[in-house]
Amino acid sequence: ERDEVKLEEQAASRHTVEIERDGKTFVIGIIELPTFYMDFEAARSGDPDYKSSTRDVERLVEELAAEGVDGMVVDLRNNGGGSLVEARELSSLFMGRQPVVQIKGPDGRVDVVGGADEPAWDGPLAVLVNRLSASASEIFAGAIQDSGRGVVVGSRTFGKGSVQSVTPLSDGQLKLTQAMFFRPSGASTQSRGILPDVLLPPTYDPEEIGESALDEALPW
């Protein structure tokens, strides 16, 4: 029996740090996002105040910008993904209307998904990732990297570049892979993940954890 996940427990949060460099003090805003969440039921019912990661992060970005931070870091370490819609809309907060991800279906058709709004922050940006950053996290980080919008920092990500649908059965569920993700550049994240611009020592063994470590994983 599955536990109910409370969105409040995985909500985005923020804090600031001060960095000394070349005799100057810089204030950096850190936004921690554990998952790409959205209250689908509230959104479908027409609730104007439904909770989502994009709405929460936008509020935090506005607060940090009002405080005059010199740069922002989006911390996606251990973020296993979530809503594709949220990955697209969250990217818009920093990239505006640029392409975010390409989705290729079984018929070979490729749909390019882009941002829909003007950016909420166009200042210096870094994205922090690790081996447990997967799926929607890789979409976001890949889009930021491909567009040159910011710097990706950390260790190679999980490598989940496939899309699944779940069909309920009388006993259990059937999960089918129905599409593949590709970055705006056309590169795949499958098995290889995102290679950061600035590498930090990994805290997880890639031979033990990651898409490529799974039995029968789809190739790059």
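Select Asp 111 to begin: in this predicted model its relative accessible area is 33%, which makes Asp 111 partly exposed. Add Arg 109 to the selection, and the two side chains form a salt bridge whose closest N and O atoms are 2.9 Å apart. Arg 109, at 55% relative accessibility, counts as exposed.

**Salt bridges around helix H2**

A search of the whole structure finds 10 salt bridges, and a good one to select next is the pair of Glu 63 and Arg 14, with 3.2 Å between the closest N and O atoms. Glu 63 belongs to helix H2 (residues 53-66) and Arg 14 to strand E1 (residues 13-21), so this pair ties together parts that are 49 residues apart in sequence. Both partners are partly exposed, Glu 63 at 28% relative accessibility and Arg 14 with a relative accessible area of 29%.

Staying on H2, select Arg 59 and Asp 56, whose side chains meet in a salt bridge at 4.0 Å, N to O. These two residues both lie in helix H2 and stand 3 residues apart, about one turn of the helix. An α-helix has 3.6 residues a turn, so residues three or four places apart point the same way. The surroundings of the partners can be read from their accessibility: Arg 59 is partly exposed, with a relative accessible area of 39%, whereas Asp 56 is buried, with 8%.

Before leaving the charged side chains, return briefly to Asp 111 and Arg 109, which form a salt bridge, and then select Arg 14, Lys 51, Asp 56, Arg 59, Glu 63 and Glu 67 together, since salt bridges with shared partners join these six residues into one network.

**Helix H4 and its neighbours**

Now select helix H4 (residues 136-147), and place a distance between its end C-alpha atoms: they are 17 Å apart, which agrees with the 16 Å that its 12 residues should span at 1.5 Å a residue. Colouring by accessibility is useful here, because 10 of the 12 residues of H4 are buried, so that the helix is largely enclosed by the rest of the structure. The buried residues include Ala 136, Phe 140 and Ile 144, along with Ser 137, Glu 138 and Gln 145.

What do the buried residues of H4 pack against? Showing their contacts brings up helix H3 (84-95) together with strands E3 (71-75), E4 (99-104), E6 (125-129), E7 (151-154) and E9 (173-182). At the end of the helix, step on to Gly 148, which follows H4 and has a positive phi, near 75°.

**A cavity beside H4**

Turn on a cavity display next: the structure holds 1 cavity of 30 Å³ or more, and the largest cavity has a volume of about 50 Å³. Its lining can be selected as Val 100, Val 101, Glu 138, Ile 139, Gly 142, Ala 143, Phe 181, Phe 182, Arg 183, Pro 184 and Thr 189. The elements that contribute two or more residues to this lining are E4, H4 and E9, and H4 supplies the largest share, with 4 residues. By chemical class, the lining of the largest cavity divides into 7 nonpolar, 2 polar and 2 charged residues.

**Helix H3**

From H4, move across to H3, whose end C-alpha atoms are 16 Å apart, in agreement with the 16 Å that its 12 residues should span at 1.5 Å a residue. Among the buried residues of H3 are Glu 86, Ala 87, Leu 90, Leu 93, Phe 94 and Met 95. What covers the buried residues of H3 includes H2, E3, E4, E6 and H4, and displaying these elements together leads back to H2, where Arg 59 and Asp 56 lie.

**Towards the end of the chain**

Select Ser 191 next, in the loop between E9 and E10. Phi of Ser 191 is near 70°, a positive value in a residue other than glycine, and at 16% relative accessibility Ser 191 counts as buried.

For the last stop, go to the segment after strand E10 (198-199), where Asp 215 has its place. Is Asp 215 buried or exposed? At 75% relative accessibility, Asp 215 counts as exposed, and its C-alpha atom is separated by 44 Å from that of Glu 62, 153 residues away along the chain. Glu 216 lies in the segment after E10 as well; Glu 216 has a positive phi of about 60° although it is not a glycine, and at 79% relative accessibility it counts as exposed.

Technical notes: Residues numbered from 1 in each chain as written. Predicted model: local features only at pLDDT ≥ 70, side-chain atom pairs only at ≥ 80, totals over all residues. Heavy atoms only, no water. Buried < 20%, exposed > 50% of the residue type's maximum accessible area, 1.4 Å probe, protein only. Expected span 1.5 Å × (residues − 1). Contact = heavy atoms within 4.5 Å. 1 Å grid on protein atoms, 1.4 Å probe; cavity = no way out; pocket = protein on both sides within 12 Å on 5 of 7 lines; lining within 4 Å. Points joined across faces, edges and corners; volume = space filled by probe spheres on them. Nonpolar A, V, L, I, M, F, W, Y, C, P; charged D, E, K, R; others polar.
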